[in-house]
Amino acid sequence: MSDNVLYTDLSGYYDLMCADINYQAQSNNAHRLQQIFGNGGKRHLDLACGTGPHIHYLSQENYQCSGLDINQPMLDLAKQRCPQAQFELGNMCEFEVADAYDFITCFLYSIHYSGDIPRLTRCIDSVHKALNVGGVFCFNAVDKDHINNALSAKHSVVQQDCRFSFGSSWYYRGEGDTQTLKLSIEKTSAETTQVWTDEHPMVALNFNTLQALLTPYFDIHVFEHEHDKIVPWDKVSGNAIFLCVKK
Ligand SMILES: C[S@@+](CC[C@H](N)C(=O)[O-])C[C@H]1O[C@@H](n2cnc3c(N)ncnc32)[C@H](O)[C@@H]1O
């Protein structure tokens, strides 16, 4: 299986896989952070936007939303969901914009798709160049030192006489700047069961290194990975929300 079939041939299952995610709460929280720390501007870009769930909710807060993603099938679904938004096929590690943004987001740990630290650095540099003065970059991330290879998340959904079971887990081998996001989809109908497994190469780093990469470009605020309240990071949790204000 190719390493991005979930975002190409199986993109039609993506929203089912994410049915448990409270995108509205995530989007509301990002909006609150932008109101507190941002420049008040309304030009928004979602990196690795997928099928556009955050754009859907942030449009309701009167942002003029755009999305960038590297897989056209995901953008096609995003355009169906958010016909008013602009979408562009591109790589978040090397994008340029004609008109700068006030608010750039990147959720569901998608910043890790930059793959390794040199490309993550190029992504951060591209985001910085794409922001207006006082603009903010908001994303979530995981700390490689807190990855538990034994943990996995699973959930099932029934749709049109089929039962879908989705699984996801991180795997970090304990050294280096790469880790793997393992995903699985099992589709069971009355007659058959089909199983797909996907392994996505991701950048691995700890939060000290991430903050060191961001510091030349941004003032950084780190929060607990909560979406119904804003709580400063306790410096222990292995996942967090980063809010970065352009210097
Ligand atoms: C886990 S999904 C997240 C989608 C969306 N942000 C969400 O929260 O549901 C990851 C997305 O990242 C996109 N992606 C992967 N590598 C990328 C890259 N280098 N540049 C832009 N998008 C990328 C994939 O196509 C996919 O849509």
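**Asp102**

I started with Asp102, which sits in strand 4, residues 101-106. The model is a predicted one. Is Asp102 buried or exposed? I find Asp102 buried, because its relative accessible area is 8% and the cut-off for buried is under 20%. Next I looked for a polar partner of the side chain. The side chains of Asp102 and Asn132 are joined by a polar contact of 3.0 Å. I then listed what Asp102 touches, leaving out residues up to four places away in sequence. The list is Gln34, Asn39, Gly41, Lys42, Arg43, Leu131, Asn132, Gly135 and Val136. So Asn132 appears in that list and also as the polar partner. I also checked a pair far apart along the chain. Asp102 and Lys246 are 144 residues apart in sequence, and their C-alpha atoms are separated by 9.7 Å.

**Leu243**

I moved on to strand 11, where Leu243 has its place. That strand covers residues 239-246. Leu243 counts as buried, because its relative accessibility is 0%. What does Leu243 contact beyond its neighbours within four places in sequence? I noted Leu33, Phe37, Val136, Phe137, Cys138, Asp219, Ile220, His221 and Phe223. Leu33 is 210 residues from Leu243 in sequence. In space, the C-alpha atoms of the two are 7.5 Å apart. Val136 is in contact with Leu243, and Val136 is also touched by Asp102.

**Helix 6**

Helix 6 runs over residues 207-214. Which of its residues are buried? They are Phe207, Leu210, Leu213 and Leu214. I looked down the helix axis: these buried residues fall within an arc of 120°, so they line one face of the helix. On the other side of helix 6 I find Asn208 and Ala212 exposed. I then asked what covers the buried residues of helix 6. The cover includes helix 5 (117-130), strand 5 (131-142), strand 10 (218-224) and strand 11 (239-246). Strand 11 is thus part of this cover, and strand 11 is also where Leu243 has its place. Last, I checked the N-terminal end of helix 6, which is capped by Asn206. A side-chain oxygen of Asn206 lies 3.2 Å from the backbone nitrogen of Asn208.

**Helix 4**

I ran the check on helix 4, residues 72-81. Met74, Leu75 and Ala78 are buried there. Down the axis of helix 4, the buried residues fall within an arc of 95°, so they line one face of the helix. Helix 1 (14-17), strand 2 (64-69) and strand 3 (86-89) are among what covers them.

**His200**

His200 is in strand 9, residues 193-203. I find His200 buried, because its relative accessible area is 0%. Which side chain makes a polar contact with the side chain of His200? I found that of Tyr113, at 2.5 Å.

**The ligand**

How many residues surround the ligand? I get 19, and the closest are Tyr14, Tyr23, Ala48, Asp69 and Asn71. By type, the shell divides into twelve nonpolar, six polar and one charged. I then went through the polar distances. For Tyr23, an N or O atom of the side chain is 2.6 Å from a ligand oxygen. For Asp69, an N or O atom of the side chain is 2.6 Å from a ligand oxygen. For Asn71, a polar side-chain atom lies 2.7 Å from a ligand oxygen. I also looked up the area. Taken alone, the ligand exposes 600 Å², and the protein buries 96% of that.

**Backbone entries**

I closed with phi. Most residues other than glycine have a negative phi. Ala48 is not a glycine, yet its phi is positive, about 55°. Where does Ala48 lie? I place Ala48 in the loop between strand 1 (43-47) and helix 3 (53-59). Ala48 is partly exposed, because its relative accessible area is 23%. Ala48 is also among the residues closest to the ligand.

Gln160 also has a positive phi, near 45°, and is a residue other than glycine. I find Gln160 in the loop between strand 6 (153-159) and strand 7 (162-171). Is Gln160 buried or exposed? I count Gln160 as exposed, because its relative accessibility is 71% and the cut-off for exposed is over 50%.

Definitions and conventions. Residues are numbered from 1 along each chain as its sequence is written. This is a predicted model: local features need pLDDT of at least 70, side-chain atom pairs count only at pLDDT 80 or more; totals for chains, interfaces and linings use all residues. Side-chain values use heavy atoms; hydrogens and water are left out. A residue is near a molecule or strand if one of its heavy atoms lies within 4 Å of it. A polar contact is a pair of N or O atoms within 3.5 Å; within protein, one must be able to donate a hydrogen and the other to accept it, and residues adjacent in sequence count only if both atoms are side-chain atoms. Accessible areas come from the Shrake-Rupley method with a 1.4 Å probe; for residues, only the protein chains shown count as cover. Ala, Val, Leu, Ile, Met, Phe, Trp, Tyr, Cys and Pro count as nonpolar, Asp, Glu, Lys and Arg as charged, and the others, Gly among them, as polar. Helices (H or I, at least four residues) and strands (E, at least two) are DSSP runs, numbered from the N terminus. Buried means under 20% relative accessible area, exposed over 50%, partly exposed in between (1.4 Å probe, protein chains only). The arc is that of the directions from the helix axis to the C-beta atoms. Contact means heavy atoms within 4.5 Å.
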